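Here is a short exchange about how the labels on a model are earned. Have a look at the structure, then read on.

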4 protein chains.
Amino acid sequence: MKEQIQSADGKLGILLPGLGAVATTFIAGVAAVNKGLAQPIGALTQMGNIRLGKRTENRYPLIKDFVPLANLQDVVFGGWDVYDDNVYEAAMKAKVLEPALLQAIKPELEVIVPMKAVFDKSYVKNLDGHNIKEAPTKYDLAKAVAADIEQFSKTNGCNRVALVWCGSTEKYIEQSAVHESIEAFEAGLKNNDPAISPSMIYAYAAIRMGIPFANGAPNLTCDIPALIQLAKETDTPIGGKDFKTGQTLMKTILAPGLHARALGVRGWFSTNILGNRDGLVLDDPDNFKTKEVSKLSVLEDILQPEINPGLYGELYHKVRINYYPPHGDNKESWDNIDIFGWLGYGMQIKINFLCRDSILAAPIVLDLALFMDLAKRAGMTGIQEWLSFYFKSPQTAPGLRPEHDIFKQLIKLQNTLRHLMGEDLITHLGLDYYQDLVEAL
Amino acid sequence: MKEQIQSADGKLGILLPGLGAVATTFIAGVAAVNKGLAQPIGALTQMGNIRLGKRTENRYPLIKDFVPLANLQDVVFGGWDVYDDNVYEAAMKAKVLEPALLQAIKPELEVIVPMKAVFDKSYVKNLDGHNIKEAPTKYDLAKAVAADIEQFSKTNGCNRVALVWCGSTEKYIEQSAVHESIEAFEAGLKNNDPAISPSMIYAYAAIRMGIPFANGAPNLTCDIPALIQLAKETDTPIGGKDFKTGQTLMKTILAPGLHARALGVRGWFSTNILGNRDGLVLDDPDNFKTKEVSKLSVLEDILQPEINPGLYGELYHKVRINYYPPHGDNKESWDNIDIFGWLGYGMQIKINFLCRDSILAAPIVLDLALFMDLAKRAGMTGIQEWLSFYFKSPQTAPGLRPEHDIFKQLIKLQNTLRHLMGEDLITHLGLDYYQDLVEAL
Amino acid sequence: MKEQIQSADGKLGILLPGLGAVATTFIAGVAAVNKGLAQPIGALTQMGNIRLGKRTENRYPLIKDFVPLANLQDVVFGGWDVYDDNVYEAAMKAKVLEPALLQAIKPELEVIVPMKAVFDKSYVKNLDGHNIKEAPTKYDLAKAVAADIEQFSKTNGCNRVALVWCGSTEKYIEQSAVHESIEAFEAGLKNNDPAISPSMIYAYAAIRMGIPFANGAPNLTCDIPALIQLAKETDTPIGGKDFKTGQTLMKTILAPGLHARALGVRGWFSTNILGNRDGLVLDDPDNFKTKEVSKLSVLEDILQPEINPGLYGELYHKVRINYYPPHGDNKESWDNIDIFGWLGYGMQIKINFLCRDSILAAPIVLDLALFMDLAKRAGMTGIQEWLSFYFKSPQTAPGLRPEHDIFKQLIKLQNTLRHLMGEDLITHLGLDYYQDLVEAL
Amino acid sequence: MKEQIQSADGKLGILLPGLGAVATTFIAGVAAVNKGLAQPIGALTQMGNIRLGKRTENRYPLIKDFVPLANLQDVVFGGWDVYDDNVYEAAMKAKVLEPALLQAIKPELEVIVPMKAVFDKSYVKNLDGHNIKEAPTKYDLAKAVAADIEQFSKTNGCNRVALVWCGSTEKYIEQSAVHESIEAFEAGLKNNDPAISPSMIYAYAAIRMGIPFANGAPNLTCDIPALIQLAKETDTPIGGKDFKTGQTLMKTILAPGLHARALGVRGWFSTNILGNRDGLVLDDPDNFKTKEVSKLSVLEDILQPEINPGLYGELYHKVRINYYPPHGDNKESWDNIDIFGWLGYGMQIKINFLCRDSILAAPIVLDLALFMDLAKRAGMTGIQEWLSFYFKSPQTAPGLRPEHDIFKQLIKLQNTLRHLMGEDLITHLGLDYYQDLVEAL
């Protein structure tokens, strides 16, 4: 295994459809880290350790010292956006990072200018940009994206590329005939089928080229049979959907805890206030619907009411997102959770998370790009379920229930890395620490 | 393995030193469940499922259908207390359960009258009771406890017994010479060594008889070399310390989540308000110290600042408990957590847990009694680390760092049960769901 | 003045359109108080004191000992509802009060059976009842209501009656031609003008008879020129709109405090979760609109952005109500308030109010009925602005800005009572306590 | 009256014992305002309006346009501190204001160098500074302070001076014989009586010179008969104690609201976390005692349990302050309030105030200095109860209960200003807006 992984040497291009708050925070952050101005907190690939062997061995290497990942110094950035601000300008407008920090890395940022975007206003009503590709068919748009990637790669001397969708949430659509097979999909591209969204066009272009693609929004994008099939044919790792940040992150931490203790949940009310472009887009009910579906599925899959009807059968779950300009990117969530314990007695948990949307999302972009690149080099193709850890609504093999419990997701990720590198999987059994117990058994 | 576990048939006596709010809520609850009046929510042994085999097999039996546990109908209760109220009276005074419910099970509760307690006011200044054993030495007190157990067992026709400490938190003491060996300890019992606390006397009596003992308070109790040694000699399962409820439960759920995502933690302020007898006892600084040590250790062990100094090296952790009579048993906690993410940007989490102390603790008493009894029948002796899941400050083999992460504790518990019953351990690797991926590997 | 107030002797009938959670909690409460089972907490008329004279005089009589109010023992109850449950049944379904308490006053409650209601589904889509008056015109409906009142009065030997609207919030409508004069209004009644809502029909019937009418919902109801004019002609006290409870109560307490200190407010986000019939009705956007308008006006009027543009000119105010069944009548609100102080530095206030909707509203019904009856006996007619204290959206003389600051409202109420009874008004100047200071001045 | 107020022309020196976070934030703020860089938010004297006449007159002038106050451009600053950092350095260390802002006013700040302080470590154990006056007796220290004031005044060309104590909270002491008369006090100064604290020495020096003195900490300071007597003799306005900021501000806003509505209060738990020098000083129990007494009195005086025993007779009130370095000056409070309404049903309010201590205190320093100076010029001497609005524990005439309700305090302040300027006092009666009503009366 370990020996078959290709080297991470050479330049890795990370290309981002959507150069808004998340993407610019990510790019600026890596630039700042490379200049020694800050730490890449929140990125497992940079700051995380992994336990190897028995507890008593005390082996906790950094993940980046354990598996062969691209070095941050070897990464170059590019992307597309409907606005033509360069990354410095866009980052200033996003108001996530301190102006003083952005000033210090201005030269690195202002050279990154967005390529013209694939855009379809019917998918994102509340946005309005003019840096947009024009072409007769969606197929031509896909070809244009492919050309962009090739051009970027050549210009920057990349020997590998990865795409991570950082664009807005598209309106809600369900899977239909055009998504069923690659043949139908390519026909749809050519006759401008309205069920093919912009994010699908980027995904198609990348996967067709064998370039890893991860989807940070709740749109279907590459979670359709056509693109899953294509990914297999082109040996491409893919993954999605929807970066797991803020409230949902908290939910997939807390719900497994309540479930672990067999505590019942009667109701879970979640509200969010945020004032960035994401909030503006989600103020439209069609786009919110996409997000809502992604956010709602989480609890059901963790609590499994069908298996525990006495504990979770009556669960009432409601999620709200409110556009609230005074907070800007400082997304804030408030949850009220009605639980019940022994003999049905009720208790409540209130969680108020004063978070920063892009600060939580940026390291996920980094981890996904680096792990997707690793997967590609390790010959792992198709859906990367082991990266469920990063998604609100993880893409899985057809018929396989996604795992939302962040702790099971973490073990899956870590055991996958251990497996890749030929280390023992960890089960936490640990009976062997108790000699006599083992003998007794 | 599985075949060697002795049958759970016959009566199991559960004896509780301390018949206060927790113990009476536990006993009343089991009585109510047995009468079909309520459900034993929060008890894994009664309500919890366990996954077996692959995800696609859909095997999620109840734990009680998977491992051979004592049936609730076969359990009988007894205990000791410094007050002589019977369990019905004590439960009414505790004001945890509705009077109407207690009324419905009054006959079952009022026959349970506390035996005289071993008590030493120097260990619990704020309590004052008169149902107390008198004897010249601590050794005699231990013999009296043993006689109580035997008498109870005979009267009730038990063929097995388990003890769970539900008494108050004793004042803080550190391990000293008298605790180092069973010889020193027994000498200390005989010459009334002040470093031997009441809870140790109960533990000694039980372990000497080969009766499982679990410690629900943060006192040292059976976490001393003398009693660990004795437990091995008498083939007795033991475990502790301090039921994991409320704020600490929440902390061991949340901290692993933050750690999973490599988010930094700068400060964690925890305050509690409660107005029951536990709150009164902890209003004394000596007793609070014992609790504080138990509560503080949790974060350090989960976050491992020595391994992640950039994320947790500066963590400031403070825990406060306030006696606040208006809340009675409705313990409430408020936490402020200062975290930081990408590039060091700060965020905050506030958690307000409106909980009920005894409602959370009662099912733990049940699970511990039943699992301890299982361990005894399975020949598992000494410290039961696989039950760490239930403790704020888990007792482990000397030199072995305790595991506080509730999710690792859960996997340990579940994999121990799977191991006992000859099922495959679960690693969450799951690469085999992705045929082509496996081939690629 | 004082001498001209008519006596409060004899029976007072309190008639309530809408016998849901609020009305039944109110009626049951008075019954319980009259039986000595509970205290009328929250009712100024029963529990409130009023300071008279100088601080050093220490005169703080109960309000009910200071002004001549109807005695609780002299009150009889009746009402209308679209459901035909008697008050005992309706109170049980509302799940606000403990069954044991309702049981103790069952005889008093079950004799109160709702009269058939005036109902128009186009005004309240989410309700569906069958205890409804049928008549060819709205004018006939009004006559039927008047006949009900007279019948009730005779049957119960009342010498005075007051009406308080406790029905659901009607859909949003704006004032139109039919509301402009009593002539237009009566014509509208006769030709079934759709702009005349059920609550207006009740109000018309009462005011025409000279019976005081208070409006506890945000509907226009008696806040139209036609009914204001009629109230003057018939010497009837009227008032509204919308009982001030929960979140808005909190807002009119807190906002004056921030304003007092010249602290700026950048944003105020308010969300509510509730699961009673009120929540169900407000789940319909048309009905929510009525409520929203009532709730939003509050801040603007207290903070006066036009006078303080530097502090309140940019205020972003958002109010949300969410139907959340797990909470029943236990309405809960969460507010995030973004304020700024010295040099513009930002701060935040979060308020979580775990309230009970009907528990807060019931004493308001009582106070309004008793004070309206006092006004009638004192010859105070038309709009009773001094009762603004009880309303989210106080009705005032045309062209007069309503006062929302609860503390100014309270002084207005108290100084009105002092004025009525011939006591000095209080200005809190108090310079006379400082002899030398006064001389200096 | 109005005509007798002396002009505010010429320079006003504001001298501050204690140049820590509050004082430097205040000074820097005024400098920034004078340079047009920021607004003096939170200062009534600068941003506040006052209503004059009837509501319909729409007269709401700025307070500074209504009463003759010193102009900000005419103010000069000085002070004393145990550390010798100049105001720029001290402000940088306090970490309240952004470095960029401080940079812009560095020239104005760095010229302000603290004079040597009067310090007595027995009063503030947790501080340790070296910029300290040495003298044989406390009387000599007072003379040295007086000399400082005169020197400052001359150097800066001031024609008026005011002192505002911005130093740390001193340890708790009660009034004793040495405080009873000015004779005893001066004797005590001469024989170094330990019951005379540093803050009293500053107060004595100022009052002796006829210079207004306001006390921002909870120490007794000028709230002793000796200094009250002296203030009368020297025609000096004085006031205190303890700037009303943060949690107590919130409490005096909320408690009057609950009291207004006759809602009962069963318990009020208040906790604070802060990490500045104030937090460090209050970590010492002796100093916390002083603060605790100041903070606890508030509720009792607003709710008046002796007058409303059914509502407030059982109130349990607890206040905690926790030193928590991660928050620095960002003091945060959390309150849990247990209230009860109709029939005794319980409800809860939780308030989380993420405030900034010095940002809230700085404008109070400004207002107090300017209003004290106004009082002096208007001939108002002795205790200025009309400034209660700014204090946690307002100083009043002996035997007169302080008023804590912030709304009554505000009316007192506003009506005092109206009275001074010959405007009508406002009673909020407003019956005259209702013509017919007036006639009826």
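Q: What makes a stretch of chain A a helix or a strand, and how many of each are there?
A: Helices are DSSP runs of H or I with at least four residues, and strands are runs of E with at least two, numbered from the N terminus. By that rule chain A has 17 helices and eleven strands. The model is a predicted one, where local features need pLDDT of at least 70, side-chain atom pairs count only at pLDDT 80 or more, and totals for chains, interfaces and linings use all residues. Residues are numbered from 1 along each chain as its sequence is written, chains are lettered from A in the order in which they are written, and side-chain values use heavy atoms, without hydrogens and water.

Q: Why does the radius of gyration of chain A agree with that of a compact globule?
A: The radius is taken over C-alpha atoms, and the globule rule is 2.2 Å times the number of residues to the power 0.38. For 441 residues this rule gives a value near 22 Å, and chain A has 22 Å, so the two agree. The C-alpha trace of chain A spans about 70 × 50 × 50 Å along its principal axes.

Q: What makes strand β8 of chain A mostly covered?
A: Buried means under 20% relative accessible area, with a 1.4 Å probe and protein chains only. Six of the eight residues of β8(A), residues 316–323, are buried. Across chain A, buried residues make up 68% of the 441.

Q: How do you know that β7(A) and β8(A) pair, and in which sense?
A: Two strands pair if DSSP finds at least two bridges between them. β7(A), residues 264–274, and β8(A) have eight bridges in the parallel sense, so they pair. Ile273(A) stands opposite Asn322(A) in β8(A).

Q: Why is a space called a cavity, and how many are there of 30 Å³ or more?
A: On a 1 Å grid over the protein atoms alone, a cavity is a set of points where a 1.4 Å probe fits but cannot get out; lining residues have an atom within 4 Å of a point. Points are joined across faces, edges and corners, and a volume is the space filled by probe spheres set on them. The count is twelve.

Q: What lines the largest cavity?
A: It holds about 580 Å³ and has 34 lining residues, with Gln414(A) and His259(B) among those nearest its centre. The largest share, five residues, comes from α16(A).

Technical notes:
1 Å grid on protein atoms, 1.4 Å probe; cavity = no way out; pocket = protein on both sides within 12 Å on 5 of 7 lines; lining within 4 Å. Buried < 20%, exposed > 50% of the residue type's maximum accessible area, 1.4 Å probe, protein only.
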